[in-house]
Amino acid sequence: MTGTVLVSGGSGYIGGELIRQLLAAGWTVHTTIRNLSREAELRPLLGGTPETLRFFAADLMSDAGWAEAMTGCSHVAHVASPLPANAPQHDDELIVPARDGALRALKAAKAAGVTRFVMTSSMAAIAYGHPRNRTTFTEADWTKIDSPDAYAYVKSKTIAERAAREWVAANGAGMEFCTVNPTLVLGPLHSGDFSTSLEAIKKILEGSMPGLPNFGFGVVDVRDVADMHVRCLTLPDMANERFIASGPFLWMRDIAAILREGLGPQARKVPKRKLPDWLVRIAARFDPVIRQVIGELGHERDADTSHARVRLGWTARPVQDSVLDTARDMIRLGIVKV
Ligand code: NAP
């Protein structure tokens with residue numbers, strides 16, 4: 001099936017890949033960006049024609065533009081949400097745009113007669129604030145936002161998804177709502193403007209870390225995350241569904257090993273030694289970015305993706321491909337010098 005779909009955040013990593021896949025499948029795509037001056041730069045990266053891909057200006061923090069962007073759309077993928085590289089001064093810098101932006105998009109969608117609304121949530125809304133001996137999570141789990149390991153981004157995604165679900169339960173008759181909850185997203189890049197999720201690969205590849213901290217993440221490919229959104233937009237009976245999008249959990253040392261094996265001499269700066277936890281804790285006292293993720297140290301958070309496999313027929317590609325495609329594009333685009 002095809003039709004007209006709104007993808008919010010067309011300037012983003014996941015939003016861009018989703019737009020490419022939807023255009024290739026024959027959809028007409030409306031996309032929101034904050035500033036229309038970016039259209040000329042984005043259009044060649046996304047494809048389509050002025051008829052099949054239309055840009056609209058809309059900010060998560062303002063009502064302006066959302067109604068216009070939704071006009072004529074039967075489907076919405078609400079992808080936009082702040083994912084900054086730096087720790088915010090205050091949690092609300094992320095929570096307010098994430099939550100209020102989702103509600104703005106939902107209200108405009110309902111008013112426009114949209115029948116299917118897919119929201120990009122996150123594993124961040126699932127796997128935080130649980131006992132450390134819990135290592136495998138499913139769609140039934142919810143992050144506890146008052147726990148010490150729930151930093152600003154984690155809170156923003158949890159609060160936004162909960163607020164959206166509550167709004168839909170009260171007001172969403174006639175509109176099916178579901179979420180895609182990815183772990184760390186890696187994979188090919190189309191420009192030097194890349195998502196914060198790729199920072200870890202950049203740092204390992206350029207050797208800017210003195211060693212490998214004991215951090216790890218579930219990893220999923222951007223192409224597979226976009227594909228899950230397409231399935232959620234098109235398959236029947238998606239009301240209130242929730243799907244984790246993840247491949248395997250990788251420690252930094254696993255990522256380093258994949259890079260060394262796949263890149264040969266181009267991986268010469270990839271660190272080999274492990275950074276002891278005590279050293280990372282000291283670094284966290286001085287670095288707010290490390291401080292906010294210090295709860296991740298030694299913490300394994302695997303995902304059970306059987307629900308997506310069974311319900312959507314979705315599978316993740318080999319994780320080596322995602323890691324190496326990220327690295328090769330970072331080298332090709334001059335983002336890292338190896
Ligand atoms: P990204 O490349 O940074 O894209 C974020 C998008 O959100 C951009 O288009 C950005 O627009 C837009 N945005 C941010 N604040 C906005 C605002 N106030 N008004 C309007 N648009 C705004 O990140 P991404 O990796 O593609 O992430 C997309 C979604 O996936 C987010 O909801 C994120 O939470 C979720 N997610 C990502 C990962 C991951 O590892 N990447 C994992 C789980 C979930 P600008 O270009 O103007 O900044």
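Which backbone oxygen lies 2.9 Å from a polar atom of the side chain of R242? The oxygen belongs to E139. The structure discussed here is a predicted model, and the report begins with the surroundings of this arginine before turning to other parts of the chain.

**Surroundings of R242**

R242 is located in strand β10, which spans residues 241-245. With a relative accessible area of 6%, R242 is classed as buried, because that class covers values under 20%. Besides the approach to the backbone oxygen of E139 at 2.9 Å, the side chain of R242 has a polar contact of 2.8 Å with the side chain of E161. When neighbours within four places in sequence are set aside, the contacts of R242 comprise A125, I126, E139, D141, W142, E161, R165, T179, N181 and H307. E139 and E161 thus appear both among these contacts and as polar partners of the arginine, E139 through its backbone oxygen and E161 through its side chain.

**Surroundings of D149**

D149 occupies the loop that runs between β6 (136-137) and α5 (152-171). This aspartate is buried, its relative accessible area being 15%. Two polar partners can be named for its side chain. One is the backbone nitrogen of G129, reached at 3.0 Å; another is the side chain of S147, joined to that of D149 by a polar contact of 2.9 Å. Apart from neighbours within four places in sequence, D149 is in contact with Y128, G129, G295, H299 and R301. G129 is therefore listed as a contact of D149, where contact means heavy atoms within 4.5 Å, and its backbone nitrogen is also reached by the aspartate side chain.

**Nonpolar cores and a surface patch**

In soluble globular proteins, nonpolar side chains tend to be buried together. The largest nonpolar core of this model has 67 residues, of which V7, L22, V29, I204, M228 and L259 touch the most other members. Helix α7 (residues 222-234) supplies the largest share of this core, namely seven residues. For V29, the contacts beyond four places in sequence are V5, V7, I19, L22, L23, T52, L53 and R54. A second core, separate from the largest one, holds 27 residues, including A109, F117, A163 and V168.

Nonpolar side chains also occur at the surface. W278, L279, I282 and F286 make a nonpolar patch of about 450 Å². W278 belongs to helix α9, residues 277-286, and is exposed at 56% relative accessibility, since the exposed class begins over 50%.

**Salt bridges**

Across the whole structure, 22 salt bridges are found. Three of them are listed below with the closest N to O distance.

| Acidic residue | Basic residue | Distance |
|---|---|---|
| D100 | R99 | 2.8 Å |
| E199 | K203 | 3.3 Å |
| E206 | K202 | 3.4 Å |

Two of these pairs lie in helix α6. E199 and K203 are four residues apart in this helix and are therefore separated by about one helical turn. E206 and K202 are likewise four residues apart in helix α6, so about one helical turn separates them.

The accessibility of the partners can be stated pair by pair. D100 is partly exposed at 23%, and R99 is partly exposed at 27%. E199, at 22% relative accessibility, counts as partly exposed, as does K203 at 35%. In the remaining pair, E206 is partly exposed at 24%, whereas K202 is buried with a relative accessible area of 18%.

Salt bridges also form a network, which links D221, R223, D224, R317 and D325.

**The loop around G192**

G192 is placed in the loop between β8 (184-186) and α6 (199-206). Its relative accessibility of 48% makes G192 partly exposed. Residues up to four places away in sequence not being counted, G192 touches L333 and I335. The C-alpha atom of G192 is separated by 20 Å from that of V220, a residue 28 positions away along the chain.

Conventions:
Residues numbered from 1 in each chain as written. Predicted model: local features only at pLDDT ≥ 70, side-chain atom pairs only at ≥ 80, totals over all residues. Heavy atoms only, no water. Patch = residues over 30% accessible without salt bridge, like charges linked within 9 Å, V, L, I, M, F, W, Y side chains within 5 Å. Areas by Shrake-Rupley, 256 points an atom, 1.4 Å probe, with all protein chains shown as cover. Salt bridge = Lys/Arg side-chain N within 4 Å of Asp/Glu carboxyl O. Helix = DSSP H or I, 4+ residues; strand = E, 2+ residues; numbered from the N terminus. Buried < 20%, exposed > 50% of the residue type's maximum accessible area, 1.4 Å probe, protein only. Polar contact = N/O pair within 3.5 Å; in protein donor to acceptor, adjacent residues only side chain to side chain. Core = buried A, V, L, I, M, F, W, Y, C linked by side-chain atoms within 4.5 Å.
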